[in-house]
Amino acid sequence: MFARGLKRKSADGEDSPPAPPSYSLQRQSLLDMSLVKLQLCHMLVEPNLCRSVLIANTVRQLQEDLSLDAAWRLPAPPGAGRGPLERLVSTDILCRSPWEQQGGHSAPDSGGSPAPDLCELPGAPSAQAPRSAPGCAWEADRPRGGFQASLDQILETLESRAPRAAEGLFADVDGPYYDLDAVLTGMVGAKAVPGDGFEALASAGAPPPGSSCKRDLGELDHVVEILVET
Amino acid sequence: MAGAGGGGCPAGGNDLQWCFSQVKGAIDEDVAEADIISTVEFNYSGDLLATGDKGGRVVIFQREQENKSHPHSRGEYNVYSTFQSHEPEFDYLKSLEIEEKINKIRWLPQQNAAHFLLSTNDKTIKLWKISERDKRAEGYNLKDEDGRLRDPFRITALRVPILKPMDLMVEASPRRIFANAHTYHINSISVNSDHETYLSADDLRINLWHLEITDRSFNIVDIKPANMEELTEVITAAEFHPHQCNVFVYSSSKGTIRLCDMRSSALCDRHSKFFEEPEDPSSRSFFSEIISSISDVKFSHSGRYMMTRDYLSVKVWDLNMENRPVETHQVHEYLRSKLCSLYENDCIFDKFECCWNGPDSAIMTGSYNNFFRMFDRNTRRDVTLEASRENSKPRASLKPRRVCPGGKRKKDEISVDSLDFNKKILHTAWHPTDNIIAVAATNNLYIFQDKVN
């Protein structure tokens, strides 16, 4: 995690301690990270099947959580206007159970919530993933399977990439594990994926306020396009 | 938590004072990938200790006979045999490399002068015979002692070669190769108590082999779904019951254990017993499933219990109680609040093993920062020890370590953020009868013993 002896610096030099990122931002971060991990799995020759299955299950859970949020129309969580999420710091908020976090959701600082144009998402044809963006009145009739569809699309695409291996997503491959780690931690060596799509995903955890929703949707779409085309 | 260090204590985990005995492996800071130890296993008597590494090599250490003039110093383990068990292969059909890393070694019970072990990589299991040669023939007619051929026309008399003692030579030869039975990566092998059969398990299937037959194996568990898109659970470990040759267990990535009886049907897809602890809703998070994935399952020597290791804990199960474990031991609970970072750097997928001591009164498992943990089941005490070069003076006692979960760090404590997550102890082994443990720390093998007063 951290090199021995290396102390973490405080996020900024201000007097007030930096506020932890919001639950939905962190959840989004986690989702993006998981997609990257899955995507990288299939760039390697033979991913670890157990790991792939666990990550895919985590993605499904995140998707369900997102859908539940949409169904319940949670009030705008704070955070989009917060300080930049430069990296995923020790996010114990995500490690706590969801209802603990929702208890802490009554944020007084929704004054900084982003512009209402985020709520105009329903018309966006390319919108794939449900996101409980701040201030977004998420239609209940948005196809719940929107995200599931793109996950399945990813899975199917990857299966077609390895036609001999009937197993598709979980084709038996035998890849150097450490390469994956190097890529993930160093965010380097994204060979098959165009650089900007990859980096956009990686930095999706730190969106500029007000555009997070559209941008994230666009990026996910971009990734799906890339995978479909390869 | 300092051990009481008293003599005459039962063989518990920490009524003893553990001391450094030996360390094997290079001292370099630069670790060669191939030297990373991937499995450690004592044989049935404990006289032999085998290690496998990522380079496909097996190194066997043998315990020296105790020195009569120093009755209190235990026998040391010295290299007995080294051989290349598996080589890297290329699967041409799938254009994939098959790693030579040794995933598991299991010894066979000794039946004659030779020793047999099974070693496996991701795809192929091999039965190795390790035998000693301490005599050689001398007095050949057609060649000299140096091996040079003699000119037949110069030979005037014939002699009968005689056997003479020689320096001990240990030879390893592959006697059986069990190949082409696994589509997925083999994670476990387990020798049956009948000493004739063994099982091998990969992510989705378990096969039963006869030790004499290499061209056939029986599939006894198959959890592969018809549509791989529906795959949500894989097999993570499997083991035969130590006494009942028809019973085996396998664990899954969802934290469940299934016990199967081979007498009930040929394909053991239906379990006889299903072990799962209900989830604690108050601690549920997005990482709950990942950390519940079982990385190792081991029967106790008695066969009454089994132990499972998941990411944060070790659980002991009574085979007669399926709905919850009888004991849960926290290995490194302070990591629970760091799961997100550990997911990011993939440490959350590390597969730790666990082991029992001879009397089943203590259990041991590894952690990060070269720490390993021991739990005494009788006294309910536990201890954290470290395998490091700094504590490597002969017979130096190991000092218990403490991790400070947060807040004010006391003297001698180490804070969670200072832990080195690259130094992980995944593989440990306990001597079958004595208080000797082998701990693999990356490319070094540490051997610790209890202090004999």
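**View 1. F61(B) and its cross-strand partner V79(B).** In this predicted model, F61(B) sits opposite V79(B), a residue of strand 5 of chain B. The pair belongs to a longer stretch of contact: strand 4 (residues 57-63) and strand 5 of chain B run antiparallel and are joined by seven bridges.

**View 2. The open sheet of chain B.** Pull back a bit and you get four strands, ordered 2-3-4-5, with antiparallel pairing. Strand 2 (37-42) and strand 5 (77-84) of chain B each have just a single partner strand, so they stand at the edges with one side lacking a neighbour in the sheet. On average, neighbouring strands here are turned by 20° against each other, direction ignored. As a reminder, strands of a sheet pair through backbone hydrogen bonds.

**View 3. The largest nonpolar core, with residues from chains A and B.** This core has 44 residues, and those touching the most other members are L30(A), Y311(B), L335(B), L342(B), Y343(B), I348(B) and L419(B). Chain A supplies two or more residues each from helix 1 (23-41) and helix 2 (49-72), and chain B does likewise from helix 1 (288-292) and helix 2 (339-344). The top contributor is helix 2 of chain A, with nine residues.

**View 4. Zooming in on L335(B).** Leaving out residues up to four places away in sequence, L335(B) touches Y311(B), L312(B), L342(B), Y368(B), V416(B) and F421(B). Of these, Y311(B) and L342(B) also appear in the list of residues that touch the most other core members.

**View 5. A second, separate core.** This one holds 19 residues, among them C355(B), A387(B), I425(B) and F448(B).

Conventions. Residues are numbered from 1 along each chain as its sequence is written. Chains are lettered from A and ligands numbered from 1 in the order in which they are written. This is a predicted model: local features need pLDDT of at least 70, side-chain atom pairs count only at pLDDT 80 or more; totals for chains, interfaces and linings use all residues. Side-chain values use heavy atoms; hydrogens and water are left out. Two strands pair if DSSP finds at least two bridges between them. Axes are lines fitted to C-alpha atoms, for helices over the stretch in contact, and angles run from 0 to 180 degrees between N-to-C directions. A nonpolar core is a set of buried Ala, Val, Leu, Ile, Met, Phe, Trp, Tyr and Cys residues joined through side-chain atoms within 4.5 Å. Buried means under 20% relative accessible area, exposed over 50%, partly exposed in between (1.4 Å probe, protein chains only). Contact means heavy atoms within 4.5 Å.
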